[in-house]
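Some labels given to residues and elements rest on a cut-off. The turns below set the values against those cut-offs.

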Amino acid sequence: SNLSTRRSAWKHPLEAVLVDLIPLCRECLALPMAQRGSRVKSLQAKWKTESEEQLGKWEQDPNEEETYIHSETGVAIRASPAEVVMPAFHMRMETMQRLLAKADEAPVERRRSKTASEMSPSA
């Protein structure tokens, strides 16, 4: 944090995933219900394949039991590769699943905010 302004900057670890999901959610919500389901399932299949490929690139270090090495980059981590890869995968999958769950519900209408005169009790 900045001691002079007393402000701190913090980003959610999955912020990039959330930002990437925004246009995909908009795209899916604009589709008719039948097409939405197939688009969501297509994205989920793609992400499942990608996560499996990413997990497959990590190998346990033969010298240190709790260390994993990425076969392409040589980066070493002490956490399980699943702890690194799977949160983003689950975020994507759950978000898309919620879009499918919403497909059965009626669209939510935007409600107009009440004006100050509408909120005050009439005499």
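Q: Why is glutamine 44 called buried or exposed in this predicted model?
A: Its relative accessibility is 12%, and buried means under 20%. Glutamine 44 therefore counts as buried. The residue is found in helix α2.

Q: What does glutamine 44 touch, leaving out residues up to four places away in sequence?
A: Its contacts are Met93, Met96 and Gln97. A contact here requires heavy atoms within 4.5 Å.

Q: Which residues of α2 are buried?
A: Arg36, Gly37, Val40, Leu43, Gln44, Trp47 and Ser51 are the buried residues of α2. In the protein as a whole, buried residues make up 23% of the 123 residues.

Q: How do you know how the span of α2 stands against the expected one?
A: The helix has 24 residues, and its first and last C-alpha atoms lie 35 Å apart. At 1.5 Å a residue, 34 Å would be expected, and the span is close to that.

Q: What makes a set of residues a nonpolar core, and which members of the largest one touch the most others?
A: The members must be buried residues of types such as Leu, Met, Trp and Cys, joined through side-chain atoms within 4.5 Å. The largest core has 19 residues, and Leu21, Cys28, Leu43, Trp47 and Met96 touch the most other members. At least two residues of this core come from each of α1 (15-30), α2 (33-56) and α3 (81-102). The largest share, eight residues, is supplied by α3.

Q: Which residues does cysteine 28 touch, not counting those up to four places away in sequence?
A: Cysteine 28 touches Arg36, Arg39, Val40, Leu43, Met96 and Leu99. Two of these, Leu43 and Met96, are also among the core members with the most contacts to other members.

Q: Why is the pair glutamate 27 and arginine 39 called a salt bridge?
A: The rule asks for a side-chain nitrogen of Lys or Arg within 4 Å of a carboxyl oxygen of Asp or Glu. In this pair the N to O distance is 2.6 Å, so the pair meets the rule. Glutamate 27 lies in helix α1 and arginine 39 in helix α2, so the salt bridge ties together parts that are twelve residues apart in sequence.

Q: Why are glutamate 27 and arginine 39 placed in the class they have, buried, partly exposed or exposed?
A: Partly exposed covers what lies between the limits of 20% and 50%. Glutamate 27 has 32% relative accessibility and counts as partly exposed. Arginine 39, with a relative accessible area of 27%, is partly exposed.

Q: How do you know that lysine 46 and glutamate 50 form a salt bridge?
A: Their closest N and O atoms are 4.0 Å apart, and the rule asks for within 4 Å. Both residues lie in helix α2, four residues apart, about one turn of the helix. Lysine 46, at 46% relative accessibility, counts as partly exposed. Glutamate 50 is partly exposed at 33%.

Q: What makes glutamate 94 and arginine 98 a salt bridge?
A: The closest N and O atoms of the pair are 3.1 Å apart, against the cut-off of 4 Å. Both residues lie in helix α3, four residues apart. Exposed means over 50%. Arginine 98 counts as exposed at 54% relative accessibility, whereas glutamate 94 is partly exposed at 41%.

Q: How many salt bridges does this rule give?
A: The count comes to five.

Q: What makes β2 and β3 a pair of strands?
A: Pairing requires at least two bridges, and two bridges join β2 (residues 68-70) to β3. The two strands therefore count as paired, and they run antiparallel. Isoleucine 69 has alanine 76 in β3 as its bridge partner.

Q: Why do β1 and β3 stand at the edges of the sheet?
A: The sheet is open, with three strands in the order β1-β2-β3. β1 (58-60) and β3 (76-77) each have a single partner strand, so one side of each is left without a neighbour in the sheet.

Q: Why is alanine 79 called buried, partly exposed or exposed?
A: At 29% relative accessibility, alanine 79 lies between 20% and 50% and so counts as partly exposed. The residue is found in the loop between β3 and α3.

Notes: Residues are numbered from 1 along each chain as its sequence is written. This is a predicted model: local features need pLDDT of at least 70, side-chain atom pairs count only at pLDDT 80 or more; totals for chains, interfaces and linings use all residues. Side-chain values use heavy atoms; hydrogens and water are left out. Buried means under 20% relative accessible area, exposed over 50%, partly exposed in between (1.4 Å probe, protein chains only). The expected span of a helix is 1.5 Å times one less than its number of residues.
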